[in-house]
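Here are some exercises to work through with the model open beside you. Try each task before reading its solution.

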Amino acid sequence: MAAALCTGVVLPAQAAGDIDLCVSNGRNAGFSGEKLVVAVAVGMAESRCDPSARYVNSDSHNSVDRGLWQINDYWHSEVSDSCAYNAACNAKEAYRISDQGTDWTPWSTYKSGSYKQFMDDARTAIGAAPAPVLPAKSVNGDKYDDALGVDPSGTAWIYKGKAGGGFMAGARLGPGWGGFSKIGIGDSNADGWADLWAIGSGTLYYWHNQGNGTFGSAQTVGTGWAAMENVAFGDVNGDNRADILARDGGNMYLYVGRGSGRFAERDLVGAGWASLFRHTAADADGDSDGDIWATNSSGELYFWKRSGADFATAVQVGSGWNGFRQMTSMDVNGDNKADLVAIQTSDNTLWQWLGTGNGGFGTGTQVGSGWTGWTLAAN
């Protein structure tokens, strides 16, 4: 394929590694608002905003990442070297490849979350206001995350979180949810309104929250999910878009959210998860990174804090979880510390444990009853 040469505005020469290069060229390419902030942060993570940056990968193609946004010469052979090493042209191609700043998942520094260390620098260079704190799993857009339960007849109900913890009375969502093996709540589009997903017969479906108390019609957004033994929805990389952590045998995989209910190709988080049959993901400490909790067959609860692009070593933070089912994490009381919610198996009562901000939890309190035959969304 013949490489295409981009033409763009030629900006005054600036020193290599100047963040203002990413700001000015990114803005001229079309990025604006929060999308410009992310673009600049990704540029800093990829090349330190050096238009001459060149990195030879150790893949089978010996491919080369080039310029400000490190555009790969194998996967994007349509971008010539003369374009890739020109700041203005590179920015325009990054704008195109990222679908106008809406999908950065082709960039490894975005998927890993390492771009986040440059977000404050990007805001300062642009003069942007601080990012709003968005709820991760709030169906009605307030700061209290919500739960979704499916009753024995297959009817789904929304339980809105409230100050101090606990939930309001259930609001009927609708019938037909009994055939799904997993249901998830999360914000796919970084708009502050939590959307819904469900897995049925190995197919992943998505319902967009329309922000008026209703959801759009179901959309198919993936297949091949039948093999996943446990699935959790949560914003792992801190971009306000829900991701998926899924366990297939002993391997845990991360599917980074791309918006509109869709996800990027999976990345291996790690092996050795076979004995941890149940996991959930949310932000434990308000740093915007998604952390993991999981239980083993002995009922011990373990915590993995997200640390940069990886997770820290597991720490035991609880025990006695064999007596509970449908464990899910969310910020029930709106304090930016993830809480846990689960159904006690012996009497089918609903319980919550408010997060302490370090991966641990306070004493459990009962917040509901009558959950016989019910299931909770797998967050």
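Two strands count as paired if DSSP finds at least two bridges between them. Keep in mind throughout that this is a predicted model.

**Exercise 1. Work out how the strands S23 to S26 are arranged, and find the residue opposite Arg-325.**

Solution.
- Step 1: Begin with the order. The four strands make an open sheet, S23-S24-S25-S26, and their pairing is antiparallel.
- Step 2: Look for the edges. These are S23, covering 324-330, and S26, covering 365-368, each of which pairs on one side only.
- Step 3: Add the twist, which averages 30° from one strand to the next.
- Step 4: Turn to one pair of strands. Five bridges link S23 with S24 (residues 339-344) in the antiparallel sense.
- Step 5: Pick out the residue. Opposite Arg-325 you will find Ile-343 in S24.

**Exercise 2. Do the same for the sheet that contains S17, S18, S19 and S22.**

Solution.
- Step 1: The order is S17-S18-S19-S22, in an open sheet of four strands with antiparallel pairing.
- Step 2: S17 (278-282) and S22 (315-318) are the edge strands, each pairing on one side only.
- Step 3: From one strand to the next, the twist averages 30°.
- Step 4: S17 and S18 (residues 291-295) run antiparallel and are joined by five bridges.
- Step 5: To place a residue in this pairing, take Arg-278: its bridge partner in S18 is Thr-295.

**Exercise 3. Check the length of helix H2, then decide whether it is largely enclosed or open.**

Solution.
- Step 1: H2 runs over residues 33-47, and at 1.5 Å a residue its 15 residues should span 21 Å.
- Step 2: Compare this with the model, where the end C-alpha atoms of H2 are 22 Å apart, which agrees.
- Step 3: Now count burial, which here means under 20% relative accessible area. Since 12 of the 15 residues of H2 are buried, the helix is largely enclosed by the rest of the structure.
- Step 4: Name some of them. The buried residues include Leu-36, Val-40, Met-44 and Glu-46.
- Step 5: Ask what does the covering. Helix H1 (19-29), helix H5 (108-112) and helix H6 (119-126) are among the elements that cover the buried residues of H2.
- Step 6: Look just past the helix, where Arg-48 has a positive phi of about 60°.

**Exercise 4. How many residues of helix H4 are buried, and what covers them?**

Solution.
- Step 1: H4 spans residues 87-97, and eight of its 11 residues are buried, leaving the helix mostly covered.
- Step 2: Among the buried residues are Ala-87, Cys-89, Asn-90, Glu-93 and Ile-97.
- Step 3: The cover over them includes H1, strand S2 (64-66), strand S3 (71-72) and helix H3 (81-84).
- Step 4: Link this with the previous exercise: H1 is among the elements covering H2, and H1 also helps to cover H4.

**Exercise 5. Does the radius of gyration of the protein chain agree with that of a compact globule or disagree?**

Solution.
- Step 1: For 379 residues, a compact globule would have a radius of gyration near 21 Å.
- Step 2: The protein chain has 22 Å, which agrees.
- Step 3: For the overall dimensions, the C-alpha trace spans about 70 × 40 × 35 Å along its principal axes.
- Step 4: Add the burial: 54% of the 379 residues count as buried.
- Step 5: Finish with the secondary structure, which comes to six helices and 27 strands.

Notes:
Residues numbered from 1 in each chain as written. Predicted model: local features only at pLDDT ≥ 70, side-chain atom pairs only at ≥ 80, totals over all residues. Heavy atoms only, no water. Helix = DSSP H or I, 4+ residues; strand = E, 2+ residues; numbered from the N terminus. Axes fitted to C-alpha atoms, helices over the stretch in contact; angles between N-to-C directions. Expected span 1.5 Å × (residues − 1). Buried < 20%, exposed > 50% of the residue type's maximum accessible area, 1.4 Å probe, protein only. Contact = heavy atoms within 4.5 Å. Rg over C-alpha atoms; globule rule 2.2 N^0.38 Å.
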